[in-house]
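Reader: Please take me through one part of this model in close detail. I would like the aromatic residues, and then whatever they lead to.

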Amino acid sequence: MSFYDKVYSVVVKIPKGRVATYGQIAAILGSPRAARAVGYALHFNPSPKVIPCHRVVNRFGSLAPKFAFGGLDAQKSLLEDEGVEVNDYIVDLNKFGLREFLN
DNA sequence: TATTTGACGATTT
DNA sequence: CAAATCGCCAAAT
């Protein structure tokens, strides 16, 4: 079980209609500062079908604009389809962020 | 063991 | 939350 595998596990556990930040995931894994490693883990993305990368966002609530898995438009559609309110590719973490939901 | 790199985070400017 | 900088962590070589 590598660090990345844990990341995948957590990402998959993200409830539909919610988004998690890299930092939050890192915190859940036990390393609040390992957000970078988390992002990189998703970068590997071994199973795009199982891993909802679109639910993983940075601290602002926006998906990485640089490495968009297939286009920000697709991501926006996916999130909206799950009930997540998306404004200009930005999600309201105060409403849809995991915060203390997991743990 | 050391160096490099990278879907980040926080602070500063 | 624009752009630059530093810091942190984990993996690959």
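Author: Tyr 40 is partly exposed, because its relative accessibility is 45%. In this predicted model, Tyr 40 has a ring partner in Phe 44. The pair is edge-to-face. The centres lie 5.3 Å apart, and the planes meet at 90 degrees. Both residues sit in helix α3, four residues apart, so about one helical turn separates them. Phe 44 is partly exposed too, because its relative accessible area is 46%.

Phe 44 also pairs with Tyr 4. This pair is tilted, with 45 degrees between the planes and 5.1 Å centre to centre. Here the partners come from distant parts of the chain. Tyr 4 belongs to helix α1 and Phe 44 to helix α3, 40 residues apart. Tyr 4 counts as partly exposed because its relative accessibility is 25%, and the buried class ends under 20%. The model has three aromatic pairs in total. Phe 3, Tyr 4, Tyr 40 and Phe 44 make up one aromatic cluster.

From the cluster, the path leads to DNA. Phe 3 and Tyr 4 are among the residues around DNA strand C. The others are Ser 31, Arg 33, Ala 34, Arg 36, Ala 37 and Phe 60. A side-chain N or O atom of Tyr 4 is 3.3 Å from a sugar or linking oxygen of strand C. Phe 3 uses its backbone: an N or O atom there lies 3.3 Å from a phosphate oxygen of strand C. Ser 31 approaches a phosphate oxygen of strand C with a side-chain N or O atom, at 3.1 Å. Sugar or phosphate supplies 59% of the strand C atoms within 4 Å of the protein; bases supply the rest. Helices α1 and α3 each give at least two residues to this surface. By class, the surface has five nonpolar, one polar and two charged residues.

Next, the other strand. DNA strand B is surrounded by 15 residues. Arg 36, Gly 39, Leu 42, Arg 59 and Phe 67 are the closest. Sugar and phosphate make up 44% of the strand B atoms that come within 4 Å of the protein. Two backbone contacts reach bases. Leu 42 places a backbone N or O atom 2.9 Å from a base nitrogen of strand B. A polar backbone atom of His 43 is 3.2 Å from a base nitrogen of strand B. Arg 59 instead has a polar backbone atom 3.0 Å from a phosphate oxygen of strand B. Two elements, α2 (22-29) and α3 (35-44), give two or more residues to the strand B surface. Helix α3 gives the most, with seven residues. The surface divides into eight nonpolar, five polar and two charged residues.

Leu 42 leads inward as well. It is one of the residues with the most contacts inside the largest nonpolar core, which has 18 residues. Val 7, Val 11, Ile 25, Val 38 and Val 56 share that standing. Helices α1 (3-13), α2 and α3 each supply at least two residues of this core. Ile 25 touches Val 7, Val 10, Val 11, Ala 20, Val 38 and Val 56, leaving aside residues up to four places away in sequence. Another core lies apart from this one. It has eight residues, including Val 19, Val 86, Leu 93 and Phe 96.

Methods. Residues are numbered from 1 along each chain as its sequence is written. Chains are lettered from A and ligands numbered from 1 in the order in which they are written. This is a predicted model: local features need pLDDT of at least 70, side-chain atom pairs count only at pLDDT 80 or more; totals for chains, interfaces and linings use all residues. Side-chain values use heavy atoms; hydrogens and water are left out. A residue is near a molecule or strand if one of its heavy atoms lies within 4 Å of it. A polar contact is a pair of N or O atoms within 3.5 Å; within protein, one must be able to donate a hydrogen and the other to accept it, and residues adjacent in sequence count only if both atoms are side-chain atoms. Ala, Val, Leu, Ile, Met, Phe, Trp, Tyr, Cys and Pro count as nonpolar, Asp, Glu, Lys and Arg as charged, and the others, Gly among them, as polar. A nonpolar core is a set of buried Ala, Val, Leu, Ile, Met, Phe, Trp, Tyr and Cys residues joined through side-chain atoms within 4.5 Å. Buried means under 20% relative accessible area, exposed over 50%, partly exposed in between (1.4 Å probe, protein chains only). Contact means heavy atoms within 4.5 Å. Rings of Phe, Tyr and Trp (its six-membered ring) pair if their centres lie within 6.5 Å; planes under 30 degrees apart count as stacked, over 60 as edge-to-face and the rest as tilted.
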